[in-house]
Amino acid sequence: MHHFKQKKSELYCEGVPLSRIAKAVGTPVYVYSHATLSHHYRIFDEAFAAVPHIICYSMKANSNGSVIRSFTNLGSGVDIVSGGELMRALAAGAPPKKIVYSGVGKQPWEIEEALKRDILMFNVESREELEAIDAVAAKMKKRAPISIRINPDVDPKTHPYVSTGLKKNKFGIRIEQAIKDYEWAAKRKHIEVVGVDCHIGSQLTEVSPFIDAAARVRLLVEKLIKKGMDIRYVDVGGGLGITYNDELPPEPKVYADAIIKSFSGLDITLILEPGRVMVGNAGVLVTQVRYTKEIPSPHGKGSKHFFIVDAGMNDLARPSLYGSYHAIVPVGKAPRGKVEADVVGPICESGDFLAKDRTLPAFKSGDCIAAMSAGAYGFSMSSNYNSRPRSAEVMVSGARYEIVRERETLKELVRGEKTATFLRKKGAK
Ligand SMILES: *Cc1c(COP(=O)(O)O)cnc(C)c1O
């Protein structure tokens, strides 16, 4: 469900035509629908209404402050993976007691910041990390609340780059080892065991891997409780997929019912870390066709078109990185006729494309198009490759829109950069 709709040959975000935003703010520009963000949070929250739960929005999917605040205003917590994300989450109104900290490479300064703020818990991914947290907490004379992230060895049946719960992945600790680590942790004065954590991957389109993982987590939870540990939280991670093209991921309710059932009878609070499902379909990337090119079709008959747009793989990396699909939709009136085409960016790499081998309207230079479902892992993965300023971000609510992040300036591109003194010409600074 989302609020991007074609009305009278104009693509609207809620009550605002995207062409108006493109004209006023320029392109490329990310546009988010506030109504869609709120709707997604509510649907997800209601799906778990029957049990104690905390939704911790996984902000690496989209870390814009206004996006995070759209959720925290509704009571959401946040799942963070760095000290930078901690700073952003707090600035966007996340209550520390609803912040969980995931990730395999937490640094001492990051652990210290999180302890200072009294976050809900650390999701620990190795014995050495556990030891590091213990050491930092001891220095601060604090007790660090922890869960261990289990690697349940289930196949999420998704893209290998976003599979995280297979035993060959760098994530989590296998269950037999985790039991030993829990026993060690339970004896430490500066560690407080509070939960069990798991996250098996992203863009899952079936419920069964979630159920398989949950069953293994449940067994562990029961074992730990038997050993006298006070397991209060079970964090099942994120990973629920969305529709980019023709995928049919489970509805949040179906997913929630399966999770709830998996942990029924246990006296625990569920923690959910949805990312993509909250923001993916709530955002689009609007870009303008700058040039068009036509070559003889590599498949023989006819010709192939290139629509060269002003957004590149630095703005939206997913197609290059995972070969992912984003629907391409005209922002204004669709030109007549269809052609075989690639939508490509200005970057000097052949992997720089937003769409490949599509049948698309015969766009002309000057036309604006939208890459749909770009709200998750879009701007948050963008870079300055080819010295391109990162794009602006806009949020729409009803009939109004506001810039929620200005387009980067050229000056910002070289902030902090210095010419080495031994390279400077005499007399120059
Ligand atoms: C990325 C991530 C998530 C969110 O995944 P989605 O597929 O976007 O829902 C949740 N938890 C952890 C630990 C993650 O790394």
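Which domains does the lining of the largest pocket draw at least three residues from? In this predicted model, the lining takes at least three residues from each of two domains. One is domain 1, covering 4–31 + 281–407. The other is domain 2, covering 34–279.

Start with the pocket itself. The largest pocket holds about 590 Å³ of space. Its lining is made of 29 residues. Lys-60, Thr-164, Phe-171, His-199 and Tyr-377 lie nearest the centre of the largest pocket. Sort the lining by residue type. Nine residues are nonpolar, twelve are polar and eight are charged.

What takes up the space of the largest pocket? The ligand does. Now look at the shell around the ligand. There are 14 residues around the ligand. Those that come nearest are Lys-60, Ser-202, Glu-273, Arg-276 and Tyr-377. The shell can be sorted by type too. Two of its residues are nonpolar, seven are polar and five are charged.

Next, follow some individual contacts. Begin at Tyr-377. A polar atom in the side chain of Tyr-377 is 2.6 Å from an oxygen atom of the ligand. Move on to Lys-60. An N or O atom in the Lys-60 side chain lies 2.7 Å from a ligand oxygen atom. Then find His-199. There, a polar side-chain atom is 3.4 Å from a nitrogen atom of the ligand. How much of the ligand's accessible area does the protein cover? On its own, the ligand has 390 Å² of accessible area, and the protein covers 94% of that.

Leave the ligand and turn to the second largest pocket. This pocket has a volume of about 370 Å³. It is lined by 19 residues. Nearest the centre of the second largest pocket are Met-1, His-40, Glu-251, Pro-252 and Val-277.

Finally, look for enclosed spaces. The model has two cavities of 30 Å³ or more. The largest cavity has a volume of about 80 Å³. Which residues line the largest cavity? Among them are Cys-198, His-199, Ile-200 and Phe-210. Ala-213, Ala-214 and Val-217 also belong to the lining of the largest cavity, as do Val-236, Gly-238 and Ile-259. His-199 is worth finding again on the structure. His-199 lines the largest cavity, and His-199 also has a polar side-chain atom 3.4 Å from a ligand nitrogen atom.

How values were computed. Residues numbered from 1 in each chain as written. Predicted model: local features only at pLDDT ≥ 70, side-chain atom pairs only at ≥ 80, totals over all residues. Heavy atoms only, no water. Near = heavy atom within 4 Å. Polar contact = N/O pair within 3.5 Å; in protein donor to acceptor, adjacent residues only side chain to side chain. Areas by Shrake-Rupley, 256 points an atom, 1.4 Å probe, with all protein chains shown as cover. 1 Å grid on protein atoms, 1.4 Å probe; cavity = no way out; pocket = protein on both sides within 12 Å on 5 of 7 lines; lining within 4 Å. Sits in = over half its atoms within 2 Å of the grid points. Nonpolar A, V, L, I, M, F, W, Y, C, P; charged D, E, K, R; others polar. Points joined across faces, edges and corners; volume = space filled by probe spheres on them. Domains from an automatic or database assignment.
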